[in-house]
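Let's walk through this structure together, one piece at a time. Keep the viewer open and follow along as we go.

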Amino acid sequence: MIIRTLPRLTRHLSIQRRLASSLVLLEHKGGKLNESSLTAITAAKVLNGDTAGIVIGSSSDVEAVTGQAKTIEGLSKIYTASSDAYSNSLAENVAPLLAAVLPAKNITHLFAAHTAVGKNVFPRLAGLLDTSMIADIIALEPSGDTFTRPIYAGNAILKVKSSPKDKIKIVTVRTTAFDKAPIGNGSATVESVDTVSSDSTTKFISEELTRSSRPDLSSASRVVSGGRALKSQENFTQIIEPLADALGAAVGASRAAVDSGYADNSLQVGQTGKVVAPELYVAVGISGAIQHLAGMKESKLIVAINKDPDAPIFQVADAGLVADLFEAVPQLTKKVQENKA
Amino acid sequence: MRPTLPRLINILVPVKRSIDYAVKIRVASDGKGVDTNVKHSMNPFDEIAVEEAIRLRERKGKLVTSITALSIGPAKAADTIRTALAMGADTGIHITTPEGIVVEPISVAHAIKKVIDRSEGKDKIDLVICGKQAIDDDSGSTGGMLAGMLGWDQGGFASKLDVEEGGKIQVTREIDGGLEKIEGNLPFVVTTDLRLNEPRYASLPNIMKAKKKKIETLKPEDLGLDFTPRLETISVSEPPKRVGGGKVENVDELVGKLKDAGLL
């Protein structure tokens with residue numbers, strides 16, 4: 001009996017495995033692949049199934065990104081959809097396209113990085129398909145129905161099992177929880193899919209991007225962040241930026257610093273801003289409210305400089321210095337520069 | 001030639017009663033949730049949504065016909081609706097659920113859609129302003145799901161919002177790396193980001209007045225809704241504890257730590 005059931009069991013398992021067919025939304029901007037998407041591919045690969053990518057955008061962008069995307073390791077296929085309607089990733093245009101592609105290509109799992117685009121497009125898609133959305137996962141199981149995600153600003157970790165009622169799993173991935181899939185040796189085939197028109201009247205008007213010569217905050221390996229204690233925008237620039245430059249780090253900020261106008265919105269680290277997990281996180285003049293910690297406590301080494309010895313940031317800091325930041329930070333900057341020379 | 005009639009706007013603001021943002025969360029002993037026997041308040045992003053609806057009326061006057069606050073939850077969710085009424089919303093709708101039941105974003109979106117479908121004529125809801133995410137489940141999906149279900153246009157993560165006569169709507173959205181401006185038309189779903197506005201406090205006279213405002217109470221069955229969850233909670237656990245607390249005496253020691261970690 002045992003001998004007879006075993007082969008059946010393994011055959012059954014292999015059929016289940018083959019069923020997982022994942023699609024990863026490959027985000028891009030100005031014809032350049034957004035590397036956050038590479039972390040979503042790593043998450044998709046946990047399922048051991050077939051993994052394809054999809055590039056959606058204007059024809060020139062799609063052409064440029066597909067060249068790069070083909071060489072991502074682990075992707076069997078790149079679907080492309082080109083139309084001017086897709087050029088600014090408006091959810092009203094992109095979601096109906098995905099809603100048509102997923103069933104047509106027998107996709108069981110759709111992934112994207114938990115970025116502004118993923119957060120905007122995927123809920124609409126879930127609404128169109130009448131399915132749950134599983135946001136910001138930090139882990140998943142090979143079975144393909146069990147996902148782990150932080151809740152309450154990262155103060156609790158929830159593990160959920162999705163029901164078969166939700167036939168297609170719509171998932172966004174916390175980029176700091178997965179490594180990036182390597183680029184270079186992949187050889188995916190390319191297949192264009194039909195565009196889907198939308199009766200939406202929403203139009204893109206303009207965008208205003210914060211220009212910076214420093215590394216991008218969400219993917220930087222080092223981050224120097226400033227808080228309210230810097231007292232002014234001038235101080236923020238004069239104290240935080242030289243240290244960031246000496247360390248080759250991106251600049252971040254607490255919500256208090258952003259709300260006081262010391263730093264731009266896009267630099268905010270925390271529950272309502274960006275979640276980072278760099279090698280080094282330097283928190284300057286940041287007390288460490290739970291909303292801020294939610295955005296940085298996965299960092300490898302946390303350094304805190306704060307005048308208040310009881311600031312909550314010291315509870316998570318690996319190296320805490322109780323000192324006046326206006327003296328300590330310029331000193332630190334100088335010593336870091338000397339070490340480089 | 002007759003001038004185009006101004007389009008009247010009926011606004012619906014979904015509000016969620018969630019654990020107060022300042023409370024330090026504790027995982028419940030059964031490992032299936034968190035300890036909810038703590039202070040609750042209106043989800044901060046929903047306060048911003050209520051505030052924006054009121055400001056829109058303050059700017060546009062009669063163009064905004066009504067502001068309705070909707071909440072789904074146990075009896076105490078009525079407090080959250082009262083708060084919205086005290087801020088300036090006109091009426092409330094409370095869809096009641098038993099204590100301890102989690103209503104998932106997809107169910108909330110279905111419920112809001114039912115409420116909108118039910119409205120008609122001059123009371124037809126044509127603008128939904130909701131928070132970008134609830135700070136308890138951090139899912140951030142209800143607004144977008146609703147827009148998809150209704151086939152309405154959407155402006156997610158709004159930091160600026162304006163509606164013109166005739167129903168043209170402008171939204172400045174917070175995106176990675178900056179801001180994006182889009183334009184659409186009513187009916188429309190907006191989700192609010194932090195910087196959209198600074199919510200007002202309800203004054204005592206307004207709190208008193210709010211007690212006289214009407215809250216319609218409905219059961220899920222009244223609307224033909226089924227809140228059975230589709231996602232099963234396997235476990236809720238504490239995040240891994242971070243061992244911090246290593247203090248250094250001075251900048252030199254700090255530099256030493258960075259060197260030890262191979263960062264310098």
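The paragraphs below go from strands inside one chain to the contact between the two chains, and then to a few backbone details.

Please keep in mind that this is a predicted model. A good place to begin is chain A, at strand 4 (residues 50–57), which runs parallel to strand 5 (residues 77–82) and is joined to strand 5 by six bridges. To find the register on screen, look for A:Gly57, whose bridge partner in strand 5 is A:Ser82. Helix 3 of chain A (residues 59–69) belongs to this motif as well: strand 4, helix 3 and strand 5 make up a right-handed β-α-β unit. Strand 5 of chain A also pairs with strand 12 of chain A (residues 189–192), again in the parallel sense, over four bridges. In that pairing A:Lys77 stands opposite A:Thr189.

Now bring chain B into view. How many residues does each chain give to the contact? Chain A contributes 86 residues and chain B contributes 76. As a general point, the size of an interface is often given as the accessible area lost when the parts come together. Here chain A and chain B bury about 6700 Å² between them, and 53% of that area is on carbon and sulfur atoms.

The polar side of this interface can be counted too. Between chain B and chain A there are 46 residue pairs in polar contact, with both residues at pLDDT 80 or more. On the side of chain B that touches chain A, the elements giving two or more residues include helix 3 (105–118), helix 4 (142–150), strand 8 (168–175) and strand 9 (178–185) of chain B. The largest share, eight residues, comes from strand 9 of chain B. By residue type, this side of chain B divides into 32 nonpolar, 21 polar and 23 charged residues.

Charged pairs deserve a look of their own. Side chains of opposite charge can pair when their charged atoms come close. Between chain B and chain A the count is six salt bridges, while over all chains it comes to 33. An example across the interface is A:Asp318 with B:Arg242, where the closest N and O atoms are 2.8 Å apart. For an example within chain B, turn to B:Asp162 and B:Arg59, whose closest N and O atoms are 3.6 Å apart. This pair links distant parts of the chain, since B:Asp162 sits in strand 7 and B:Arg59 in helix 1 (residues 44–60) of chain B, 103 residues apart.

Strand pairing crosses the chain boundary as well. Strand 13 of chain A (residues 203–209) runs antiparallel to strand 9 of chain B, and six bridges join them. Within this pairing A:Lys203 stands opposite B:Glu183, and A:Glu207 stands opposite B:Glu180. B:Glu180 is also the bridge partner of B:Arg173, in a pairing where eight bridges join strand 8 and strand 9 of chain B in the antiparallel sense. The hairpin of these two strands has two residues between them, and B:Gly177 there takes a positive phi near 90 degrees.

A second sheet draws on both chains. Its six strands form an open sheet in the order 15(A)-14(A)-16(A)-17(A)-18(A)-13(B), with parallel pairing. Which strands stand at the edges? They are strand 15 of chain A (250–253) and strand 13 of chain B; each has a single partner strand, so one side of each is left without a neighbour in the sheet. Further in, five bridges join strand 14 (residues 222–226) to strand 16 (residues 280–284) of chain A, and A:Arg222 stands opposite A:Leu280.

Finally, two backbone details. Most residues other than glycine have a negative phi, and most peptide bonds are trans. A:Tyr152, though not a glycine, has a positive phi of about 50 degrees; A:Tyr152 is found in the loop between strand 9 (146–151) and strand 10 (156–162) of chain A. In chain B, the peptide bond from B:Leu186 to B:Pro187 is cis, with omega near 0 degrees. B:Pro187 lies in the loop between strand 9 and strand 10 (188–192) of chain B.

Methods: Residues are numbered from 1 along each chain as its sequence is written. Chains are lettered from A and ligands numbered from 1 in the order in which they are written. This is a predicted model: local features need pLDDT of at least 70, side-chain atom pairs count only at pLDDT 80 or more; totals for chains, interfaces and linings use all residues. Side-chain values use heavy atoms; hydrogens and water are left out. Two strands pair if DSSP finds at least two bridges between them. A crossover is right-handed if, with the strands pointing away from the viewer, the path from the first strand over the helix to the second runs clockwise. Contact means heavy atoms within 4.5 Å. Buried area is the accessible area (1.4 Å probe) that two parts lose on being put together, summed over both. A salt bridge is a side-chain nitrogen of Lys or Arg within 4 Å of a carboxyl oxygen of Asp or Glu. A polar contact is a pair of N or O atoms within 3.5 Å; within protein, one must be able to donate a hydrogen and the other to accept it, and residues adjacent in sequence count only if both atoms are side-chain atoms. Ala, Val, Leu, Ile, Met, Phe, Trp, Tyr, Cys and Pro count as nonpolar, Asp, Glu, Lys and Arg as charged, and the others, Gly among them, as polar.
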